[in-house]
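Visitor: I am new to this structure. Please show me how to read it.

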Amino acid sequence: MDPVSTGDIPQVPVTELPDDFSDDAGRLLLDVREDDEWAAGHVRGAVHIPLGEVPARIEEIDPDAELYVICHSSGRSMRVLAYLERIGYPGTCVEGGMLAWYQNGKPMITGQG
């Protein structure tokens, strides 16, 4: 199978996403940052699976959901999305990651919850 180019992965600006994914059964925001980054601030309702754990925890990602992936600035998101695309999980990168989320004044929660 040919590898997926990161140039083929769609991106969405944070301004086009809801502030809270808690009650949005049809959409999934996957945060692939490390535990300390997650605890420092994340989007309400996001699912946290650090980059290195994605293959082992793939069953936690609903293949039927509209998938968005976020990290600090988009690099890790693109890597995860290239992998997910290869195994049949298409998704969209949150452009600029949590950096853009913060810069746009979108709400974040802190802690492990």
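Guide: We will go from the sheet to a helix, then to the cores and a few single residues. Keep in mind that this is a predicted model.

Visitor: Let us begin with the sheet. In what order do the strands stand?

Guide: Read a sheet from one edge to the other, strand by strand. Here five strands form an open sheet, in the order 1-5-4-2-3. Their pairing is parallel.

Visitor: Which strands stand at the edges?

Guide: Strand 1 and strand 3 do. Each has a single partner strand, so one side of each has no neighbour in the sheet.

Visitor: How many bridges join strand 1 and strand 5?

Guide: Three bridges, with the two strands running in the parallel sense. Pick one pair to see it: Val12 has Val94 in strand 5 as its bridge partner.

Visitor: Now strand 2. Which strands are joined to strand 2 by bridges?

Guide: Take one side at a time. Strand 4 is joined to strand 2 by five bridges, and the two run parallel. Leu30 stands opposite Val69 of strand 4. Strand 3, residues 47-48, is joined to strand 2 by two bridges, again parallel. There, Asp31 has His48 as its bridge partner.

Visitor: Why is strand 2 described as largely enclosed?

Guide: Count its buried residues. Four of its five residues are buried, so the rest of the structure largely encloses strand 2.

Visitor: And the side chains along a strand? Where do they point?

Guide: In a regular strand, side chains alternate between the two faces of the sheet. That is the general idea to carry along.

Visitor: On to helix 2. What does helix 2 touch in the sheet?

Guide: Helix 2 packs on the sheet and touches strand 1, strand 2, strand 4 and strand 5. Its direction makes about 145 degrees with that of strand 4.

Visitor: How do I check the length of helix 2?

Guide: Use the rise of 1.5 Å a residue. Helix 2 has twelve residues, 75-86, so the expected span is 16 Å. The C-alpha atoms at its ends are 17 Å apart, which agrees.

Visitor: Which residues of helix 2 are buried?

Guide: Ser77, Met78, Val80, Leu81, Ala82 and Leu84. Their cover includes strand 1 (11-13), strand 2 (27-31), strand 4 (66-70) and strand 5 (92-95).

Visitor: What follows helix 2?

Guide: Gly88 follows, with a positive phi near 95 degrees.

Visitor: Now the cores. What is the general idea?

Guide: In soluble globular proteins, nonpolar side chains tend to be buried together. In this model, the largest nonpolar core has 20 residues. Leu30, Val32, Ile61, Val80 and Leu84 have the most contacts inside it.

Visitor: Which elements supply at least two residues of this core?

Guide: Strand 2, strand 4 and helix 2 each do. Helix 2 gives the most, with five residues. There is also a second, separate core of 14 residues, which includes Val14, Trp38, Ile70 and Trp101.

Visitor: Let us look at Leu30. Is Leu30 buried or exposed?

Guide: Buried means under 20% relative accessible area. Leu30 has 0% relative accessibility, so Leu30 counts as buried. Leu30 lies in strand 2. Beyond its neighbours within four places in sequence, its contacts include Val47, Ile61, Val80 and Leu84. Leu30 and Ile61 are 31 residues apart in sequence, yet their C-alpha atoms are 8.2 Å apart in space.

Visitor: What does Val32 touch?

Guide: Leave out residues up to four places away in sequence. Among the residues Val32 touches are Ile49, Pro50, Leu51, Val69 and Val80.

Visitor: And Thr92? Where is its place?

Guide: Thr92 is in strand 5. At 17% relative accessibility, Thr92 counts as buried. Outside its neighbours within four places in sequence, Thr92 contacts Pro10, Gln11, Val12, Leu67, Tyr68, Val69 and Leu81.

Visitor: One last stop. Where is Ser74 found?

Guide: Ser74 is in the loop between strand 4 and helix 2. Ser74 is buried, with a relative accessible area of 10%. Its phi is near 115 degrees, a positive value in a residue other than glycine.

Visitor: What lies 2.8 Å from a polar atom of the Ser74 side chain?

Guide: The backbone nitrogen of Gly96 does. Apart from neighbours within four places in sequence, Ser74 is in contact with Cys93, Val94, Glu95, Gly96 and Gly97.

Notes
Residues are numbered from 1 along each chain as its sequence is written. This is a predicted model: local features need pLDDT of at least 70, side-chain atom pairs count only at pLDDT 80 or more; totals for chains, interfaces and linings use all residues. Side-chain values use heavy atoms; hydrogens and water are left out. The expected span of a helix is 1.5 Å times one less than its number of residues. Buried means under 20% relative accessible area, exposed over 50%, partly exposed in between (1.4 Å probe, protein chains only). Contact means heavy atoms within 4.5 Å. Two strands pair if DSSP finds at least two bridges between them. Axes are lines fitted to C-alpha atoms, for helices over the stretch in contact, and angles run from 0 to 180 degrees between N-to-C directions. A polar contact is a pair of N or O atoms within 3.5 Å; within protein, one must be able to donate a hydrogen and the other to accept it, and residues adjacent in sequence count only if both atoms are side-chain atoms. A nonpolar core is a set of buried Ala, Val, Leu, Ile, Met, Phe, Trp, Tyr and Cys residues joined through side-chain atoms within 4.5 Å.
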